[in-house]
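I opened the model to go through its strands, its voids and a handful of residues. These are my notes, in the order I looked things up.

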Amino acid sequence: FKDRYLAELTLRYDGSQNFAVDSRWGLFPGMSLGWRISEEDFFKKKISFIEELKLKASWGKLGNDRVAPFQYLSTYTLGNGPMLGSDPKRLKGFTIGRLANPNITWEEVDTKNAGFESMFLNRLLSFNFEYFYSMRKKILTPKLASIPAYAGLTLPDQNIGEVSNSGMEIEIMHRNKYTNGSYYIGGNVTYAKNKIHFFDEAANVPEWQRRTNHSIDSWLVYKSDGLYQTQKEIDETPHLLNTVPGDIKYLDVDEDGKITSNDRVRIYQSAIPEIVYGINMGGTWKDFELNVLWTGQARAKQMIRPGAYNRDVTYFENRWISAEQTPNAKYPRAFDRDDSFNSKDSDFWLKDASFIRLKNVEFAYNLPKSLLNRFKIGNVRVFVSGFNLFSIDNIKVQDPEGAQSGGMYYPQQRIYNFGLNISF
């Protein structure tokens, strides 16, 4: 209305055969509002250096039904039964399969956004900001932790999980023109953090291993304290059976005199970064063009350790040999992939996966129009570009961008392009 007031309403009414008849349908509304306050007379008079300012907010609900279907029905499994008869033969029989949950229904996510878009200083600078918060409720997950495995039950999903996700996005860009060309520089950054409000955890989980009230993305690892140098050092501390000098020293977190699974601790970061960002820059000068893109991430950790039979030479050159030869060794003694001591998930192998990468560079030259007009050619553009040229990171031996894979995936390629575009 009047190019100032913006509103949009949506309404979904979805049904899914994955749920019982009484729980099959879900109503999911949404709305967004905007106000171009910079178009108001009082704003133009008092804040003239801001050419464009739009305030915006939105709210909406959506549902998710992506679970195994027909969990509101019990299932039975046909298999070998008892031995019966005077001439005993094994007969077929039914056993209980998955238990039914007649109340299973839609997961729901409630999302709120608020922010603004702006341009000022004669449109030389733009700045956009957005805050978001979403709460997922009725998350479909089975109660596998609080009900012991010896109960012998195959449980259906239940609408019990609750997880929130919040964060912000910022974009800033500066553009300008001069006599023979133009330039631009800008960037964007996103921060997102999630939190588990309810998750089915066993009552006896140690406090330092709990996930409730923490991020859903985390590493469960043993704490380490360097490498064992001598047998005497091993004998005087809690250790794993058959530990030898050169192995990783694990800490007895619960102080029970043994190294057990209870000594693992949660590191509330994962390979999925909490911060991702990008930087754009470039410009033109006469018939030349340059465009550069940087990308990066922060607050992420990767489990980087020797795997399979392919190992970086650094693990060999910096391995422990003896207390006399290598007292300051960076890595444990030589071990194979089936080793049960040094290949455990531990903070010894957990690395900071922050990086900044020169993702793309393109340099181009456009032949002058005065020359092309003689040959009735519209445009000739010669360019050279590079993709994934280099990165600055702390891991070195593997790509820090391989989320959830510990770097063990097909590596990104470095690509160079040389080209010619001609149009008539």
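**Strand pairs around S7**

I began with Leu140 and looked for its bridge partner in S8, which is Asn159. I note for the record that this is a predicted model.

I then took the whole S7–S8 pair. S8 covers residues 158-178 and runs antiparallel to S7, with 15 bridges joining the two.

Next I turned to the S6 side. S6 (residues 107-120) and S7 (residues 125-141) are also antiparallel, and 13 bridges join them. One pair I picked out here was Asp110, whose bridge partner in S7 is Met135.

I followed the chain through the turn. S6 and S7 make a hairpin with 4 residues between them. Leu121, in that turn, has a positive phi of about 55°. Arg123 is in the loop between S6 and S7 too. Its phi is near 65°, again positive in a residue other than glycine. I checked the exposure of Arg123: it is partly exposed, at a relative accessible area of 44%.

**The sheet as a whole**

Which strands make up the open sheet, and in what order? I read off 12 strands: S1-S2-S3-S6-S7-S8-S9-S14-S15-S18-S19-S20, with antiparallel pairing. The edges are strand S1 (5-15) and strand S20 (415-423). Each has a single partner strand, so one side of each has no neighbour in the sheet. I also looked up the angle between neighbouring strands of this sheet: on average they are turned by 10° against each other, direction ignored.

Further along the order I checked S15 and S18. S15 spans residues 288-298 and S18 spans residues 355-366; they run antiparallel and 10 bridges join them. Glu289 has Ala364 as its bridge partner in S18.

Just before S15 I stopped at Lys286. It is placed in the loop between strand S14 (275-285) and S15. Its phi is near 55°, a positive value in a residue other than glycine. Is Lys286 buried or exposed? I found it exposed, with a relative accessible area of 52%.

**A second hairpin**

I then went to S4 and S5. S4 (residues 76-84) and S5 (residues 89-96) run antiparallel, joined by 7 bridges. Thr77 stands opposite Thr95 in S5. These two strands form a hairpin with 4 residues between them. I checked the turn and found Gly85 there, with a positive phi of about 100°.

**Gly161**

I went back to S8 for Gly161, which lies in that strand. Its relative accessible area is 5%, so I logged it as buried, the cut-off being under 20%. What does Gly161 touch, leaving out residues up to four places away in sequence? My list reads Arg136, Lys137, Lys138, Ile139, Thr141 and Phe198. I also took a long distance: the C-alpha atoms of Gly161 and Asn417 are separated by 49 Å, with the two residues 256 apart along the chain.

**Cavity and pocket**

I searched for enclosed space. The structure holds 1 cavity of 30 Å³ or more. The largest cavity contains about 40 Å³ of space. Its lining is Tyr228, His239, Leu240, Thr243, Ile248, Tyr250, Ile259 and Phe341. I sorted that lining by type: 6 nonpolar, 2 polar and no charged residues.

I did the same for the largest pocket, which has a volume of about 320 Å³. It is lined by 17 residues, and those closest to its centre are Arg357, Gln398, Asp399, Pro411 and Gln412. Which strand gives the largest share of this lining? I found that it is S19 (residues 379-393), with 5 residues. By type, the lining of the largest pocket divides into 6 nonpolar, 6 polar and 5 charged.

**Gln413**

My last stop was Gln413, in the loop between S19 and S20. It is partly exposed, with a relative accessible area of 48%. Not counting residues up to four places away in sequence, Gln413 touches Phe387 and Asn388. I closed with its distance to Val253: the C-alpha atoms are separated by 42 Å, and the residues are 160 apart along the chain.

Notes
Residues numbered from 1 in each chain as written. Predicted model: local features only at pLDDT ≥ 70, side-chain atom pairs only at ≥ 80, totals over all residues. Heavy atoms only, no water. Pairing = 2+ DSSP bridges. Axes fitted to C-alpha atoms, helices over the stretch in contact; angles between N-to-C directions. 1 Å grid on protein atoms, 1.4 Å probe; cavity = no way out; pocket = protein on both sides within 12 Å on 5 of 7 lines; lining within 4 Å. Points joined across faces, edges and corners; volume = space filled by probe spheres on them. Nonpolar A, V, L, I, M, F, W, Y, C, P; charged D, E, K, R; others polar. Buried < 20%, exposed > 50% of the residue type's maximum accessible area, 1.4 Å probe, protein only. Contact = heavy atoms within 4.5 Å.
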